[in-house]
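Work through the following exercises with the coordinates open beside the sequence. Each one sets a task and then gives a solution in steps.

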Amino acid sequence: MKRGIYACFFKRFFDILISFLAIVILLPVFIIIYLLSFVILKGNPIFKQYRPGKNGKIFPLYKFRSMTNKTDKNGDLLPDAERITKWGKLLRKTSLDELPQLINILVGDMSIVGPRPRLVKDMIFYDEEIMKAYSVRPGLTGPAQVYDRNSESSWESVFERDMEYAKNITFANDFKLFFGTFTAVFKGGSASGANSESDKQKREYYYADYLLKSKKISKKQYDEGHKLAGEIENEGKGVVTSISSIENEEQENKAEEEENSKICELPDSVENKPENEKQSKKESVVKKSVKLSNNSKKNNKNSSK
């Protein structure tokens, strides 16, 4: 995709300038939220999660924590709906939980405006066409924040908007999305995250769940994808590659190996050809030497006569 001057140069300049000024100006807000979250949630108020960024490159995304770390008797985290607090819902509804991502923008992992950073466990199921939408830096705000805040749009329409944004990065579009975010926040949106009983009209919050429930992938593929996502997140680095591209690459490698094995498995007549040629040449030389020897003997006899 071709990029204009704004996308190649000025966009990053504005990201650095705006994120730096925002951190300085909003520092008192940062401190207040940090202290309140520390008391209410009884622990570290900063949430870190590894997400795929530009071209699927993994980076640590920061947020203010909105949920507790309560676990069941087996030590597993309780469902999101049981761990989110009233304080957390307020942070999510006002998007104040996203403020620490200004640091991500300043260091170059994200942009002010762009497609929202997706989850690893979802992106590994994206096909090559969808991945084009995430060939740019993910944004603090973007089409999803403005148009899909209540999660009522289908996943297909979400991807369509993200792809359209990635194809047409302009100052006018970023300006429109940036200020459109404030309107969306004031209108309010989903604060519960994943679907609840009252959210039945909404799409599946996780793309992988949507694929499984719509029978577009099997349970085996779903489990393999989650296992792969867990390995990537635990490692905390690398690049997210979709399972479809991995499978295609494996098929290509398998086909190449089979082709190489066919080349290596030559018939005996072909394999022995050089050796046969050497043997025939050797026999020819021997025959010639014998003939020459006989001729020389005849010549010697004639000379003696």
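**Exercise 1. Determine what share of the contacts in the chain between residues at least 6 apart in sequence join residues at least 24 apart, and set this beside the overall make-up of the chain.**

Solution. The model is a predicted one, and every value below is computed from it. Step one takes the contacts between residues at least 6 apart in sequence, of which 70% join residues at least 24 apart. Step two turns to the secondary structure, which comes to 15 helices and four strands. Step three considers burial and surface: of the 305 residues in the chain, 37% are buried, while the exposed area is about 19300 Å², with carbon and sulfur atoms supplying 57% of it.

**Exercise 2. Identify the residues of the nonpolar patch on the surface, and find which element gives the most to the patch.**

Solution. The first step is to list the members, which are Phe13, Ile16, Leu17, Ile18, Phe20, Leu21, Val24, Ile25, Ile103, Leu106 and Val107, with about 990 Å² of accessible area together. Assigning these residues to elements then shows that helix 1 (5-25) and helix 5 (101-107) are the elements that give two or more residues to the patch. Helix 1 gives the most, with eight residues. As a last step, take one member from the other helix: Val107 is found in helix 5, and because its relative accessibility is 56%, Val107 counts as exposed. For background, nonpolar side chains in soluble globular proteins tend to be buried together.

**Exercise 3. Decide whether Asp174 is buried or exposed, and describe its surroundings.**

Solution. Begin by locating the residue, since Asp174 is found in helix 10, which covers residues 171-187. Its relative accessible area is 5%, and because buried means under 20%, Asp174 is classed as buried. Next, examine the contacts beyond the neighbours within four places in sequence: Asp174 is in contact with Tyr6, Lys11, Val113, Tyr165 and Ile169. Finally, look for a polar contact in this list, and the side chains of Asp174 and Tyr6 prove to be joined by one of 2.7 Å.

**Exercise 4. Examine salt bridges formed by Lys63, Lys216 and Lys213, giving for each the partner and the distance between the closest N and O atoms.**

Solution. The structure holds nine salt bridges. Among them, Lys63 pairs with Glu98, the closest N and O atoms being 3.8 Å apart. This pair links distant parts of the chain, for Lys63 lies in strand 2 (residues 58-64) and Glu98 in the loop between helix 4 (86-94) and helix 5, 35 residues apart. Both Lys63 and Glu98 are buried.

The second step concerns Lys216, which forms a salt bridge with Glu156 at 3.6 Å between the closest N and O atoms. Lys216 lies in the loop between helix 11 (207-213) and helix 12 (219-235), whereas Glu156 lies in helix 9 (residues 155-167), so the pair ties together parts that are 60 residues apart in sequence. Lys216 is partly exposed at 49% relative accessibility, and Glu156 is partly exposed at 39%.

The third step takes Lys213, whose salt bridge with Glu204 has its closest N and O atoms 3.4 Å apart. Here Lys213 is exposed, with a relative accessible area of 62%, while Glu204 counts as partly exposed at 23%. To finish, check for shared partners: salt bridges of this kind join Lys63, Glu98 and Arg116 into one network.

**Exercise 5. Find which residues touch the most other members of the largest nonpolar core, and which elements give two or more residues to this core.**

Solution. The largest nonpolar core has 23 residues, and those touching the most other members are Tyr126, Phe159 and Tyr207. The elements giving two or more residues to this core are helix 6 (120-123), helix 7 (128-131), helix 9, helix 11 and helix 12. Inspecting Phe159 in detail, and not counting residues up to four places away in sequence, one finds that Phe159 touches Tyr126, Ile130, Tyr134 and Tyr207. Apart from this core lies another, of 22 residues, including Phe59, Ile105, Val113 and Ile169. Two residues of this other core, Val113 and Ile169, also appear among the contacts of Asp174.

Notes. Residues numbered from 1 in each chain as written. Predicted model: local features only at pLDDT ≥ 70, side-chain atom pairs only at ≥ 80, totals over all residues. Heavy atoms only, no water. Buried < 20%, exposed > 50% of the residue type's maximum accessible area, 1.4 Å probe, protein only. Contact = heavy atoms within 4.5 Å. Areas by Shrake-Rupley, 256 points an atom, 1.4 Å probe, with all protein chains shown as cover. Patch = residues over 30% accessible without salt bridge, like charges linked within 9 Å, V, L, I, M, F, W, Y side chains within 5 Å. Salt bridge = Lys/Arg side-chain N within 4 Å of Asp/Glu carboxyl O. Polar contact = N/O pair within 3.5 Å; in protein donor to acceptor, adjacent residues only side chain to side chain. Core = buried A, V, L, I, M, F, W, Y, C linked by side-chain atoms within 4.5 Å.
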